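Okay, thanks everyone, I'll keep this short. Let me put the structure up, and then we'll go through it together.

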Amino acid sequence: TGNQWGYGKDDGPSAWNKNYPIADGDRQSPIDILPHQARHDPNLGPIVLNYDRCTSINIANNGHSVVVEFEDSDDRSVIQGGPLDNPYRLKQFHFHWGGKGCHGSEHTVEGNSYASELHLVHWNAVKFKTFGDAASTPDGLAVLGIFLETGDEHRWLHMITDALYTVKFKGSVTDFKGFNPKCLLPSSLHYWTYLGSLTTPPLHESVIWIVVKEPMIVSEKQLGKFRTLVFTGEEEDERTRMENNFRPPQLLKGRTVRSSN
Ligand SMILES: O=C1NC(=O)[C@@H](c2ccccc2)S1
Ligand SMILES: [Zn+2]
């Protein structure tokens, strides 16, 4: 039914161009970031996150990742500044991760990948009426990418990992109120920015990417809890562990990556 895609051998990133030919497009994501080739742009101001009145709604397993959705009917939680001309509303955040001992970030830095990557997805509600419209139009979305590196335990990530057992199976959704993702961010928001795409089908080339340089540090134990999720639904026979749900880096095709200071 529909265009089912995944991260396996037959339905994974190398097969996506069959149903989504834009997979071979000119502004695909993620990319390998080469800091020394990024253009430092003094006109790039700081990223400003106004999340203090954000309203988280639920946490869900959509068969590809674990997603926390937010109320986006007004400008209560927005990102602005940096490369953005308008405020963009927070819609959801989710993660991409690897298998045990394997890294799973989507963006890489000089060929190095991190253990995981957090994506905070925002949409331009000034120019578009719906998230769907924004997601299918250039620069309709702004995704803030944060790398996760293993080390000490993250003091707030347990609020997410403690809820993961409630969304083990594809299609499960549970209430998740009162969570402000600002608690997940590293101390510095220095970033790289470039024009790219969704990193999953439909791979629309609609994203202004803002990738934060400083990773957040989480423990291997915390990361391991993401791997207790499964791609499959409760009613299905097989239990396919949810891991390695990342797209590898795509060709830059002449794009410029800019760097805040
Ligand atoms: O940064 C991205 N990560 C994803 O899983 C893609 C996506 C696709 C649809 C909605 C939200 C995000 S785009
Ligand atoms: Zn993502």
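So, let's begin with the ligand. Ligand 1 sits in the largest pocket. Keep in mind, please, that what you're looking at is a predicted model.

Who's around it? The residues around ligand 1 are Gln 92, His 94, His 96, His 119, Val 143, Leu 198, Thr 199, Thr 200 and Trp 209. If you sort that shell by type, you get six polar residues, three nonpolar ones and no charged ones. And which strand gives the most to the shell? That's strand S7, residues 88-97, with three residues.

Now the polar contacts, for those of you who like distances. A nitrogen atom of ligand 1 comes out at 3.0 Å from an N or O atom in the side chain of His 94. With His 119, the ligand partner is an oxygen atom, and the distance to a side-chain N or O atom is 3.2 Å. Then there's Thr 199: here a ligand nitrogen is 3.3 Å from an N or O atom of the side chain. As for how covered the ligand is, ligand 1 taken alone exposes 330 Å², and the protein buries 84% of that.

Okay, zooming out to the whole chain. How many helices and strands does the protein chain have? Four helices and 16 strands. The radius of gyration is 17 Å, and the globule rule gives 18 Å for 261 residues, which is close, so the chain is as compact as a globular protein of that length. If you'd rather think in box dimensions, the C-alpha trace spans about 55 × 40 × 40 Å along its principal axes.

Last bit: some backbone details to look for in the loops. Where are the cis peptide bonds I want to show you? One runs from Ser 29 to Pro 30, with omega near 0°. Pro 30 itself is in the loop between helix H1, 16-19, and strand S1, 32-33. Another cis bond joins Pro 201 and Pro 202, and there omega is about 10°. You'll find Pro 202 in the loop that runs between strand S13, 191-196, and strand S14, 207-212.

And then there's Asp 139. Its phi is near 65°, so to speak on the positive side, in a residue other than glycine. Asp 139 belongs to the loop between helix H2, 131-135, and strand S11, 141-150.

That's my tour, happy to go back to any view.

Conventions
Residues are numbered from 1 along each chain as its sequence is written. Chains are lettered from A and ligands numbered from 1 in the order in which they are written. This is a predicted model: local features need pLDDT of at least 70, side-chain atom pairs count only at pLDDT 80 or more; totals for chains, interfaces and linings use all residues. Side-chain values use heavy atoms; hydrogens and water are left out. A residue is near a molecule or strand if one of its heavy atoms lies within 4 Å of it. A polar contact is a pair of N or O atoms within 3.5 Å; within protein, one must be able to donate a hydrogen and the other to accept it, and residues adjacent in sequence count only if both atoms are side-chain atoms. Accessible areas come from the Shrake-Rupley method with a 1.4 Å probe; for residues, only the protein chains shown count as cover. On a 1 Å grid over the protein atoms alone, a cavity is a set of points where a 1.4 Å probe fits but cannot get out, and a pocket is an open set with protein on both sides within 12 Å along at least five of seven lines; lining residues have an atom within 4 Å of a point. A molecule sits in a cavity or pocket if more than half of its atoms lie within 2 Å of its grid points. Helices (H or I, at least four residues) and strands (E, at least two) are DSSP runs, numbered from the N terminus. Ala, Val, Leu, Ile, Met, Phe, Trp, Tyr, Cys and Pro count as nonpolar, Asp, Glu, Lys and Arg as charged, and the others, Gly among them, as polar. The radius of gyration is taken over C-alpha atoms; the globule rule is 2.2 Å times the number of residues to the power 0.38.
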